[in-house]
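Please open the model in your viewer and keep the sequence panel beside it, so that residues can be selected by number as the tour goes along.

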Amino acid sequence: MIIIVVALVAALIFVVFLFLFFSFIRLWIQALLTKADISIGSLVGMKLRNVDYAMIVRQKIALVQAGVRVTTGELESHFLARGNVPKTATAVIAAHKAVLDLPWRTAAAIDLAGRDVLEAVRTSVNPKVIDCPDPAKGKQFLDAVCRNGIQLLAKARVTVRTKLERLVGGATEETIIARVGEGIVKAIGSAHDHKEVLANPGMISQTVLHNALDAQTAFEIVSIDIAHIEVGENIGAKLQADQAAADLRVAQAEAEKRRAAAVAREQEMRALVEENRAKVVEAEAQVPQAIADAFQKGNLGVMDFYNMKNVQSDTLMRNNIATMTGGAEGQSGSGR
């Protein structure tokens with residue numbers, strides 16, 4: 001029984017060995033022939049750690065053949081960190097062939113940061129062109145106004161090259177677009193006449209390039225070219241017209257205020273006239289009482305009273321005749 005058990009265990013070990021041998025022998029032979037330095041034990045360990053060992057072997061062979069020094073542990077660690085090992089390896093190989101300084105750790109950090117490291121290497125080798133403003137944002141031109149009030153509509157193309165050492169932590173394309181747009185608006189706004197800008201659009205590019213707009217970004221600005229520029233509206237005249245309209249409304253409001261004050265003053269004066277007339281009527285009402293008091297006290301005689309009545313009648317007659325003949329003013333004056 002002991003011999004049978006030992007034989008069964010030996011047979012099981014032999015079967016496992018054959019399985020491992022046929023499973024890893026081809027990859028191990030490839031690594032051995034390409035000097036990738038990957039042992040059978042490393043392959044078994046990657047298998048147990050649920051690592052795509054076939055992919056790791058292929059990428060290690062590619063890196064070694066390209067002259068890049070990287071360990072199997074670094075590849076495996078990047079895979080376990082959920083990084084894109086094939087793309088990172090391709091980026092490192094491309095950078096090495098283009099004589100760019102991109103170590104594996106830097107490339108892995110860029111990939112884990114969410115950046116497309118392969119695209120960054122391609123952009124570093126072959127600069128890309130960025131439209132300013134970005135048409136995808138729904139705006140086709142930048143609006144800027146010269147000092148003479150003329151609006152200019154401009155569109156620029158910015159050629160940038162990726163700086164690999166600043167890719168981690170550096171600002172993205174949106175920052176470049178925003179800074180270039182700000183520089184273009186500032187350059188156009190500082191121009192005295194829109195004709196100067198139309199005659200020499202390069203002055204905008206030169207002014208913008210001298211402002212170091214690529215600082216703290218992941219790109220290096222190679223050139224800024226004004227692709228399109230045209231004349232827009234006369235913003236200065238429009239603003240002056242709006243200001244004149246506003247001033248007119250203010251003047252109308254002030255005039256209406258003065259008119260309302262005059263109407264109120266007129267009403268006050270009419271009320272004052274009526275008040276004075278009431279006082280006159282009140283005073284006239286006291287005359288008969290005064291005459292009666294004079295009669296009682298003996299200060300006024302009967303003949304004096306009749307003479308006063310005759311004078312009043314004569315005055316009334318003269319006034320009526322003057323009114324009928326059109327000489328009211330003269331007759332009234334003579335009557336007085």
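The tour visits a group of paired strands and then a group of helices.

This is a predicted model, in which local features need pLDDT of at least 70 and side-chain atom pairs count only at pLDDT 80 or more, while totals for chains, interfaces and linings use all residues. Residues are numbered from 1 along each chain as its sequence is written, and side-chain values use heavy atoms, with hydrogens and water left out.

**Stop 1: strand β3 and its partners**

Select residues 150–162, which form strand β3; helices (H or I, at least four residues) and strands (E, at least two) are DSSP runs, numbered from the N terminus. Of the 13 residues in β3, 11 are buried, where buried means under 20% relative accessible area, exposed over 50% and partly exposed in between, with a 1.4 Å probe and protein chains only.

Next add strand β1, residues 128–132, which pairs with β3 in the antiparallel sense over 5 bridges; two strands pair if DSSP finds at least two bridges between them. To see the register, show V129, which stands opposite T159 in β3.

Then select strand β2, residues 142–145, which runs antiparallel to β3 and is joined to it by 4 bridges. Here D143 stands opposite L153 of β3, and in the hairpin of these two strands, with 4 residues between them, G149 takes a positive phi near 90°.

Finally, bring in strand β4, residues 219–234, which is joined to β3 by 12 bridges and runs antiparallel to it. The bridge partner of A156 in β4 is I226.

**Stop 2: helix α5 against α6 and α7**

Select helix α5, residues 85–97, together with helix α6, residues 104–112: their axes come within 10 Å and cross at roughly 135°. Axes are lines fitted to C-alpha atoms, for helices over the stretch in contact, and angles run from 0 to 180 degrees between N-to-C directions. The contact (heavy atoms within 4.5 Å) is made by V85, T88, A89 and V92 of α5 and W104, A107, A108 and D111 of α6.

Now replace α6 with helix α7, residues 117–125, whose axis comes within 8 Å of that of α5 and crosses it at roughly 20°. The two helices are therefore roughly parallel to each other, since angles under 35 degrees count as roughly parallel, over 145 as roughly antiparallel, 65 to 115 as roughly perpendicular and the rest as oblique. To display this contact, select K87, T88, T90, A91, A94 and A95 of α5 with V117, L118 and V121 of α7.
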